[in-house]
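Biologist: I would like to go through this model with you, beginning with the ligand. Could you take me through it?

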Amino acid sequence: MIKIPRTPRRRTTRSALPSAVTAVVAVAALSVAATPAANAASTLKSAAASKGKTFGAAVANYHLGESQYASTLDTEFSGVTPENEMKWDTTEPSRGSFNFGAADSIVAHAQSHGMKIRGHTLVWHNQLPGWVSGISSGSDLNNAMTNHIAQVAGHYRGKIWYWDVVNEAFNEDGSRRQSVFQQRIGNAYIENAFRAAHSADPNAKLCYNDYNTDGQNAKSNAIYAMVQDFKNRGVPIDCVGFQSHLGSNQVPGDYQANLQRFANLGVDVNITELDIAGSGQQQADDYAKVVRACVAVSRCTSITTWGVTDKYSWRSGSTPLLFDGNYAKKQAYYSVISAFGG
Ligand code: G3I
């Protein structure tokens, strides 16, 4: 059980000090409380950096104009993932017509604040424009997919740390999801996508990303086999993303071992969309377990929470993030800092 240390900035026993000195000490204490300290444990990003990790957040472009949203992001996080702005329905709404405005804003913000950028996501069955799903020929769909990847990854060439190249391609039983890509192109679409992404941006690290893969199960085993096959055949893959959308008290007991077995294949592991339902001490303990697992796996390079504040979370009803609806730090915030050794 992680006990969250109460963190009074400073206490003075008023009776022990003359009133003038008390006042000076109180003002000093307040200024310390109000000003983020410069030490390693004072923000999520500095605590993560003390263990060589990046701590990011999914960002929605239309919230960047809200001062508390932007200030919390800029103070606490060292990475961003555009929540929706790089998805196919936004970037290529009609065939051959590209729209990068919203994602460019996030990329520019991140670059001006020294944040690393995770691109999300080049090939996914969801948030696809209708014209893609309407393509009947496998070769034509493969052409559309590889061109999409070339244009989008090419537009951000040199700016993306990790790309989620393919997202959620497997079913819970380990079989392939019957997306339009799987149905029209067949099994090869995933490696075709990775090869196209590598050609478009050779320096970006390329990830396969999925959910419900946080322990060893049929789905994570199928992904493990695919990564092993890709590494054996020289298909360019550098990373596996674990979304880690978790329920309360549901961090699998083999969370760390699962990350480690993928790292042992010779890829980085990223916790890509972390949010954990609940509140209070249980949520704090759950977050701490995830962070400790990443700290223990050297190739776990990045943890990203899927949002900044509960109020804009895709599952806001579960209050799954580290800042509440008023941007106040929650118990889980402090347990994350503590789990990094802060
Ligand atoms: O942009 C339109 C807007 O024009 C319209 O007025 C509005 C109302 O219909 O919808 C807006 O689009 C919404 C979009 O988010 C942008 O806000 C979609 O309806 C909404 O479905 C979409 O939800 C996103 C969801 O993916 C879609 O599946 C969530 O914000 C986003 O957090 C979520 O993220 C996914 C990851 O990409 C992949 N892993 C799972 C994760 C949670 O579903």
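Modeller: Certainly. Please bear in mind that this is a predicted model. The residues of the shell around the ligand comprise 4 nonpolar, 7 polar and 4 charged.

Biologist: Which residues are the closest to the ligand?

Modeller: Of the 15 residues that surround the ligand, the closest are Glu 83, Lys 87, His 120, Glu 273 and Trp 306.

Biologist: What distance separates an oxygen atom of the ligand from the side chain of Lys 87?

Modeller: An N or O atom in the Lys 87 side chain is 2.6 Å from a ligand oxygen atom. For the side chain of Asn 126, an N or O atom is 3.3 Å from an oxygen atom of the ligand. On the nitrogen side, a ligand nitrogen atom is 2.7 Å from an N or O atom in the side chain of Glu 273.

Biologist: And how much of the ligand's accessible area does the protein cover?

Modeller: The ligand on its own has 800 Å² of accessible area, and the protein covers 49% of it.

Biologist: Let us turn to pockets. How much space lies in the second largest one?

Modeller: The second largest pocket holds about 210 Å³ of space. It is lined by 13 residues, and those closest to its centre are Lys 87, Trp 124, Glu 273, Trp 306 and Trp 314. Lys 87, Glu 273 and Trp 306 are also listed among the closest residues to the ligand.

Biologist: How does that lining divide by class?

Modeller: The lining of the second largest pocket has 6 polar, 4 charged and 3 nonpolar residues.

Biologist: How many cavities of 30 Å³ or more are there?

Modeller: The structure has 1 cavity of that size. The largest cavity contains about 40 Å³ of space. Its lining includes Val 123, Trp 124, His 125, Asn 167 and Tyr 189. By class, this lining has 5 nonpolar, 3 polar and 1 charged residues.

Biologist: Finally, where does pLDDT stay under 50?

Modeller: Residues 1-18 stay under 50, with 24 contacts beyond four places in sequence in the model. Residues 20-39 also stay under 50, with 11 such contacts. Where pLDDT is low, the predicted coordinates should not be read in detail.

Biologist: What is the mean pLDDT of the protein?

Modeller: The mean is 92, and 88% of the residues reach 70 or more.

Definitions and conventions:
Residues are numbered from 1 along each chain as its sequence is written. This is a predicted model: local features need pLDDT of at least 70, side-chain atom pairs count only at pLDDT 80 or more; totals for chains, interfaces and linings use all residues. Side-chain values use heavy atoms; hydrogens and water are left out. On a 1 Å grid over the protein atoms alone, a cavity is a set of points where a 1.4 Å probe fits but cannot get out, and a pocket is an open set with protein on both sides within 12 Å along at least five of seven lines; lining residues have an atom within 4 Å of a point. Grid points are joined across faces, edges and corners, and a volume is the space filled by probe spheres set on the points. Ala, Val, Leu, Ile, Met, Phe, Trp, Tyr, Cys and Pro count as nonpolar, Asp, Glu, Lys and Arg as charged, and the others, Gly among them, as polar. A residue is near a molecule or strand if one of its heavy atoms lies within 4 Å of it. A polar contact is a pair of N or O atoms within 3.5 Å; within protein, one must be able to donate a hydrogen and the other to accept it, and residues adjacent in sequence count only if both atoms are side-chain atoms. Accessible areas come from the Shrake-Rupley method with a 1.4 Å probe; for residues, only the protein chains shown count as cover. pLDDT is the predictor's confidence in each residue, from 0 to 100. Contact means heavy atoms within 4.5 Å.
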